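Reader: Got a minute to go through a ligand site with me? Pull it up and we'll start with the contacts.

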Amino acid sequence: MAIASEERTALEEVPKELYIAGDWRASSTGASFPVEDPATGREIAQVADATPQDALLALTAAADAQEQWAQTAPRERAEILRGAFELLMADVDRLALVMTLEMGKALAESRAEISYAAEFLRWFSEEAPRVHGRYMRNPTGPGRLLTMRAPVGPCVFVTPWNFPTAMGARKIAPAVAAGCTMVVKPAGQTPLSMLALAQVMERAGLPAGVLNVITTSRSGAVVKPLLNDPRTRKLSFTGSTEVGRMLMEQSAGRLLRVSMELGGNAPFLVFEDADLDAAVEGALIAKLRNVGEACTAANRFHVHESIADEFARRLAERMKALKVGRGTEPDVDIGPLIDERQRSKVAELVQDAVGHGAETLIGGGRLSGPGYPGYFFEPTVLSGVGAGARLMREEIFGPVAAVASFSSELQALEAANATDYGLVAYLYTRDLSRALRVTEGLQTGMVAVNQGMVSNPAAPFGGVKQSGFGREGGFEGIEEYLQTKYAAIAV
Ligand code: NAP
């Protein structure tokens with residue numbers, strides 16, 4: 001399949017070098033690594049392959065820029081973020097195409113992610129001037145207490161491939177607003193979206209050294225020295241719980257401030273009084289957004305036994321009608337998975353569930369053959385999934401809906417909480433008291449009530465338990481990048 005000229009042009013505009021101290025430059029060894037289109041398995045670009053030395057150069061740039069950046073007027077930082085928001089939105093089609101080419105999701109979804117990412121820039125442009133402190137009388141004496149907020153300092157960001165622009169924007173925007181400088185290491189599978197975002201930030205007038213981007217095929221070797229360096233003050237990581245835990249251990253040596261946005265295993269509860277049409281609609285969004293490769297993806301559907309079969313049947317009917325294909329093609333709903341490893345894992349989880357007695361209503365396997373050269377997987381609905389199946393405990397990260405049933409509210413809540421993860425839960429009911437009761441009982445950082453999505457730049461996104469800690473977005477998002485100083489003043 002030849003690459004279309006529009007695709008070539010979009011890719012050509014993206015820098016393929018490291019972005020350090022305001023310069024686009026090759027790796028110090030001159031090495032590069034390939035980026036692949038998961039819909040075809042074909043190489044679409046080569047990007048610079050940073051060494052640990054390049055990473056330290058990027059940190060030097062961030063550390064050198066820190067003091068002056070912290071002194072910049074908050075309004076000036078706000079204007080740069082606002083400008084970047086405008087630029088991103090003006091270029092949404094090209095940026096979405098680049099994202100689809102390296103990540104696979106359908107173009108409409110990539111456009112939605114660019115808008116979502118841009119909204120973080122706008123939200124934090126509005127928050128930058130609102131950072132403030134406190135002045136109060138000492139309650140027990142004549143003195144005064146003054147508190148002030150200051151940027152944490154140079155940050156290291158490590159981001160995943162599944163939302164390659166938004167997961168970066170969610171960190172970059174509040175850090176810029178707070179007055180922090182940063183080194184970003186995007187996932188090796190999707191470096192182009194981050195390089196394109198850096199170019200947008202540069203065009204918006206972000207001073208040299210505030211944002212530095214290093215792409216690499218050796219993330220372990222490149223990130224570790226950054227976390228050991230005394231100039232680094234904070235790590236913010238989005239990715240798997242496993243890697244997050246390891247990076248946290250590496251951060252312990254220098255007691256870094258740490259934010260962790262990790263894996264999920266979201267339960268989707270449908271009670272007997274739910275609006276079933278709305279629940280199926282919500283299920284489609286919660287399950288299939290991002291080809292199911294989302295930390296917020298509904299992993300397990302727990303449906304009241306009186307409606308479980310009907311829910312599964314309707315969900316299967318809707319999922320069967322979806323078009324699978326290369327995300328760049330019109331009318332495609334579901335793109336490929338990111339790579340063969342991910343596809344094999346999804347296939348394994350489905351087989352394991354079937355082995356545990358689940359019934360396959362639709363799909364169940366790889367999509368291959370001449371029309372499907374990449375890592376495609378059939379939209380799949382499994383019903384009657386037992387608690388022993390691995391996919392009830394493990395993140396699926398694919399277009400597979402596993403439906404199980406419950407007989408009481410207590411049983412539903414117990415099943416929902418029977419996981420080490422705690423990112424998000426979905427629930428459908430028409431009973432307000434039940435909605436509040438269940439929301440309070442769910443051990444998650446976020447709950448969606450009668451809707452299939454929680455992500456919103458104005459809201460604090462984040463998890464509990466093994467899904468991590470720290471919040472991105474909302475009023476809370478900028479707090480991750482601020483520290484408090486207090487002065488005791490004798491009067
Ligand atoms: P991952 O394997 O943990 O990778 C995430 C990032 O860490 C990538 O940049 C990766 O780079 C890097 N990395 C991997 N090993 C590393 C090491 N030894 N040292 C330093 N960096 C290392 O996760 P993923 O497969 O890309 O992303 C999927 C996971 O992210 C899922 O579990 C999902 O739930 C989670 N996620 C969570 C949120 C949230 O907000 N809670 C949002 C989105 C995704 P390379 O890939 O180049 O090695």
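**Ligand contacts**

Author: Sure. A polar backbone atom of T159 sits 2.6 Å from an oxygen atom of the ligand. Keep in mind that this is a predicted model.

Reader: OK. What about G188, how far is its polar backbone atom from a ligand oxygen?

Author: That one is 2.7 Å.

Reader: And which distance do you get for the side chain of E261?

Author: A polar side-chain atom of E261 is 3.3 Å from an oxygen atom of the ligand. As for burial, the ligand exposes 910 Å² when taken alone, and the protein buries 85% of that.

Reader: Which pocket is the ligand in?

Author: The largest pocket is the space the ligand takes up. Elements giving two or more residues to the shell are α6 (166-178), α8 (219-228), β10 (234-238) and α9 (241-252).

Reader: Switching topic: what's the shell like by class?

Author: There are 16 nonpolar, ten polar and four charged residues in the shell around the ligand.

Reader: Why does the ligand lie between the domains?

Author: Because domain 1 (5-262 + 468-487) and domain 2 (266-456) both give residues to the shell around the ligand.

Reader: Last one, which residues come nearest?

Author: Of the 30 around the ligand, T159, G188, S219, S240 and E395.

Key
Residues are numbered from 1 along each chain as its sequence is written. This is a predicted model: local features need pLDDT of at least 70, side-chain atom pairs count only at pLDDT 80 or more; totals for chains, interfaces and linings use all residues. Side-chain values use heavy atoms; hydrogens and water are left out. A residue is near a molecule or strand if one of its heavy atoms lies within 4 Å of it. A polar contact is a pair of N or O atoms within 3.5 Å; within protein, one must be able to donate a hydrogen and the other to accept it, and residues adjacent in sequence count only if both atoms are side-chain atoms. Accessible areas come from the Shrake-Rupley method with a 1.4 Å probe; for residues, only the protein chains shown count as cover. On a 1 Å grid over the protein atoms alone, a cavity is a set of points where a 1.4 Å probe fits but cannot get out, and a pocket is an open set with protein on both sides within 12 Å along at least five of seven lines; lining residues have an atom within 4 Å of a point. A molecule sits in a cavity or pocket if more than half of its atoms lie within 2 Å of its grid points. Helices (H or I, at least four residues) and strands (E, at least two) are DSSP runs, numbered from the N terminus. Ala, Val, Leu, Ile, Met, Phe, Trp, Tyr, Cys and Pro count as nonpolar, Asp, Glu, Lys and Arg as charged, and the others, Gly among them, as polar. Domain bounds come from an automatic or database domain assignment.
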